[in-house]
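Hi,

Here is the structure I promised to pass on. Have a look at it first, and then read my notes underneath.

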Amino acid sequence: MKTRYGGLTKPVRDYHPYVATGDFNGDGVEDIAVVVLDRSKKGKKFGLIVFNGPFKSDTASPAFMESGLDLKYSGLVYGPPRPKPYRLVLGPFESDSGVLLIPHGRSYRLEQPEEE
């Protein structure tokens with residue numbers, strides 16, 4: 001990500017595998033997703049939290065939370081080279097596999113992508 005995706009896209013120099021921003025729900029406003037870690041758990045200790053923008057107050061309730069995820073050696077990716085409409089992808093590095101964050105009302109759901 002920081003150097004390019006097979007020469008198909010521009011490098012994302014400030015890429016962080018556990019933070020992503022973008023218009024995840026298609027409302028024209030930037031949203032944010034973060035992965036958190038619960039060190040008290042053994043095994044699937046990662047969680048995903050998504051906040052929908054705009055961010056107008058000091059406190060905001062998440063639009064989506066999912067815990068018990070196995071995101072070791074994985075990260076968040078949003079935007080090119082994926083086709084539009086862009087979806088947030090949670091998946092292993094250097095792989096085409098993963099799950100998609102799909103808008104669902106005011107929240108989201110995680111979905112396995114369809115096989116091509």
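Tyr73 sits in the loop between E4 and E5. This is a predicted model, so please read everything below in that light. Tyr73 has a positive phi of about 65° although it is not a glycine. That caught my eye, as most residues other than glycine have a negative phi. Is Tyr73 buried or exposed? With a relative accessible area of 62%, Tyr73 is exposed, because the cut-off for that is over 50%.

Move along by one residue and the picture changes. Ser74 belongs to strand E5, which covers residues 74-77. Ser74 has a relative accessibility of 6%, so it counts as buried. Leaving out residues up to four places away in sequence, Ser74 touches Pro17, Tyr18, Gly91, Pro92 and Phe93.

One of those contacts, Gly91, is found in strand E6. Gly91 is buried too, at a relative accessible area of 11%. If you set aside neighbours within four places in sequence, the contacts of Gly91 are Ser74, Gly75, Ser97 and Gly98. Glu66 is another matter: Gly91 and Glu66 are 25 residues apart in sequence, and their C-alpha atoms are 15 Å apart in space.

Now for the strands around these residues. E5 and E6 pair in the antiparallel sense, with four bridges between them. Val77 stands opposite Val89 in E6, and the bridge partner of Leu76 in E6 is Leu90. E6 itself runs over residues 88-92 and is mostly covered, with four of its five residues buried. E6 also pairs with strand E7 (residues 99-104), again in the antiparallel sense, over three bridges. There, Leu90 stands opposite Val99 in E7. So what lies between E6 and E7 in their hairpin? There are six residues between the strands, and Glu94 takes a positive phi near 55° in this hairpin.

Put together, four strands form an open sheet with the order E5-E6-E7-E8 and antiparallel pairing. E5 and strand E8 (107-111) are the edge strands, each pairing on one side only. Neighbouring strands of this sheet are turned by 25° against each other on average, direction ignored.

There is another sheet to look at. Four strands form an open sheet in the order E1-E2-E3-E4, and the pairing is antiparallel here as well. Strand E1 (19-22) and E4 are at the edges, and each pairs on one side only. The twist averages 15° from one strand to the next. Within this sheet, E3 and E4 run antiparallel and are joined by four bridges; Val50 stands opposite Phe64 in E4.

While you are at E3 and E4, check the loop between them, where Pro54 has its place. A cis peptide bond joins Gly53 and Pro54, with omega about 0°. It is worth pausing on, since most peptide bonds are trans.

Last, the inside. Which residues have the most contacts within the largest nonpolar core? They are Leu48, Val50, Leu76, Leu88 and Leu90, in a core of 17 residues. The elements giving two or more residues to this core are strand E2 (31-37), strand E3 (46-51), strand E4 (64-69), E6 and E7. E3 gives the most, with three residues.

Leu48 is a good one to click on in your viewer. Not counting residues up to four places away in sequence, Leu48 touches Ala33, Val34, Val35, Phe64, Met65, Glu66, Leu69, Leu76, Leu90, Leu101 and Leu110. Two of the names in that list should be familiar from the strand pairing: Leu76 and Leu90 are bridge partners.

If you would like a short route through the model, I would start at Tyr73, in the loop between E4 and E5. Then go to Ser74 in strand E5 and across to Gly91, one of its contacts. From there, Leu76 and Leu90 show where E5 meets E6, and both are among the residues with the most contacts inside the largest nonpolar core.

Cheers

Methods. Residues numbered from 1 in each chain as written. Predicted model: local features only at pLDDT ≥ 70, side-chain atom pairs only at ≥ 80, totals over all residues. Heavy atoms only, no water. Buried < 20%, exposed > 50% of the residue type's maximum accessible area, 1.4 Å probe, protein only. Contact = heavy atoms within 4.5 Å. Pairing = 2+ DSSP bridges. Axes fitted to C-alpha atoms, helices over the stretch in contact; angles between N-to-C directions. Core = buried A, V, L, I, M, F, W, Y, C linked by side-chain atoms within 4.5 Å.
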